[in-house]
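Visitor: Before I take any label on trust, I would like to hear the reasoning behind the words used for a model such as this one.

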Amino acid sequence: MDQNLISNVFNNKTTGVPIWFLRQSGRHIPEYFKIKNNEKNFIKFCLNEKLIVESTKLPLKYYDLDAAIIFSDILLIPWAMERNVKFMKDFGPSLDPMIPNETKIFKDISIIKKFEPIRNSITFLRKELPFSKSLIGFSGAPWTLACYMIEGKGSKDFINTRKALWGANKWFMELIETLTNFVTLKLEMQAKAGADVLMIFDSWSHMVPNNFFKDCSIHPIAKIVENLRSKKIFVPIIGFPFKAGSSIVDYSYESQVDCIALDWSVDLNWAKNNINKEIVIQGNLDPASLIPYESHYLSKNVLSILDIMNDRRFIFNVGHGLTPDCKINNVKKVISIVRDYGR
Ligand code: CP3
């Protein structure tokens, strides 16, 4: 039977560097638009079993990858919390913004029932995918979800979120705690349905003021990991503290995750020497390097990442999601370099 390279890395077996890509499904693959045409409402798309299964499998049709990531979105938790989540063309997500101190925080944990189609799709996919392919379930981190819920949209500085953190701290931390519970439940559901790796996206962790980093990022993640372990869920957990700078050192020791995903700004030599040596590293190719039709830097950079990480447990990936204009041939080229490395 073919090996599962991702599970081997987590089990300390050296059988080659595994590879998958953040946001590997979606708009850079032309066929995605055919699938998307079946359902214009993105939330309904993310709750349609047939479309979830097709979109999750799509990148594996094009590429020799070691994992599929369930097609879904981090904003399904705010949607289930009745924040009126919409995805608007050329605008991105829009939500009803939360008003600090005024709005009662929604805590009804039965919302997890709304994720039934995700559960069913994971169960179906785990049976259908070969053993060699990991199936990754995911969630947004509490801080990143709070950012979208307070701001009501994406933002360059999440000023309202940070204002709420300073001005309505008790309320803010209550929101973080509630989200910590929802994230635990959603990840638990995905692992029980068959996801064999879990990932927590903290895409806006660079917005956390440094003195609040432990309270808002590291401790909630550690609580989620602890909650899952106490529920006897032992699948590997990948944390992604995007652009969190030197705070990733504390994150690597204290968040309890099994793997840290690094963004493209991190110096890998520095990371190797400073972050927790017990955990796996994932990353950190710049997704923009996959956009030009031709770049001789691409192969050089992929090889340099592989060389630096040669003596570490490592999963090759991009340092943030693939962009809609990335080129399929570049993705294929990177995969072939990683596959040939060390042979
Ligand atoms: O291959 C995959 O990873 C697909 C599954 C996936 C999606 N979103 C589908 C999606 C995953 C893992 C996500 C995570 C996600 N969603 C994050 C964390 C990762 C990151 O990029 O930082 C965040 C912050 C979101 C929130 C979100 N969803 C935004 C800001 C947007 C609009 C802008 C954008 O990046 O596309 C979305 C929409 C979305 N989620 C699309 C897809 C395929 C695009 C929908 C479309 O226009 O077809």
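Guide: What follows is a short conversation about a predicted model, taken label by label.

Visitor: Why is Asn 227 called buried?

Guide: The relative accessible area of Asn 227 is 16%, and buried means under 20%, so Asn 227 is called buried. As for its place, Asn 227 belongs to helix α10, which covers residues 213–230.

Visitor: What makes the pair Asn 227 and Thr 184 a polar contact?

Guide: The side chains of Asn 227 and Thr 184 are joined at 3.1 Å, and the cut-off for a polar contact between N or O atoms is within 3.5 Å, so the pair qualifies.

Visitor: Which residues come nearest to the ligand?

Guide: Of the 19 residues around the ligand, the nearest are Arg 27, Tyr 32, Asp 73, Ser 203 and His 320. By class, that shell is made up of 10 nonpolar, 5 polar and 4 charged residues.

Visitor: How do you know that Asp 73 makes a polar contact with the ligand?

Guide: A polar side-chain atom of Asp 73 lies 2.6 Å from a nitrogen atom of the ligand, and the cut-off is within 3.5 Å, so the pair counts as a polar contact. For Tyr 32, a polar side-chain atom is 2.6 Å from a ligand oxygen atom, and for Ser 203 the distance from such an atom to an oxygen atom of the ligand is 2.6 Å.

Visitor: How much of the ligand does the protein bury?

Guide: The ligand taken alone exposes 860 Å², of which the protein buries 86%; the ligand sits in the largest pocket.

Key. Residues numbered from 1 in each chain as written. Predicted model: local features only at pLDDT ≥ 70, side-chain atom pairs only at ≥ 80, totals over all residues. Heavy atoms only, no water. Near = heavy atom within 4 Å. Polar contact = N/O pair within 3.5 Å; in protein donor to acceptor, adjacent residues only side chain to side chain. Areas by Shrake-Rupley, 256 points an atom, 1.4 Å probe, with all protein chains shown as cover. 1 Å grid on protein atoms, 1.4 Å probe; cavity = no way out; pocket = protein on both sides within 12 Å on 5 of 7 lines; lining within 4 Å. Sits in = over half its atoms within 2 Å of the grid points. Nonpolar A, V, L, I, M, F, W, Y, C, P; charged D, E, K, R; others polar. Helix = DSSP H or I, 4+ residues; strand = E, 2+ residues; numbered from the N terminus. Buried < 20%, exposed > 50% of the residue type's maximum accessible area, 1.4 Å probe, protein only.
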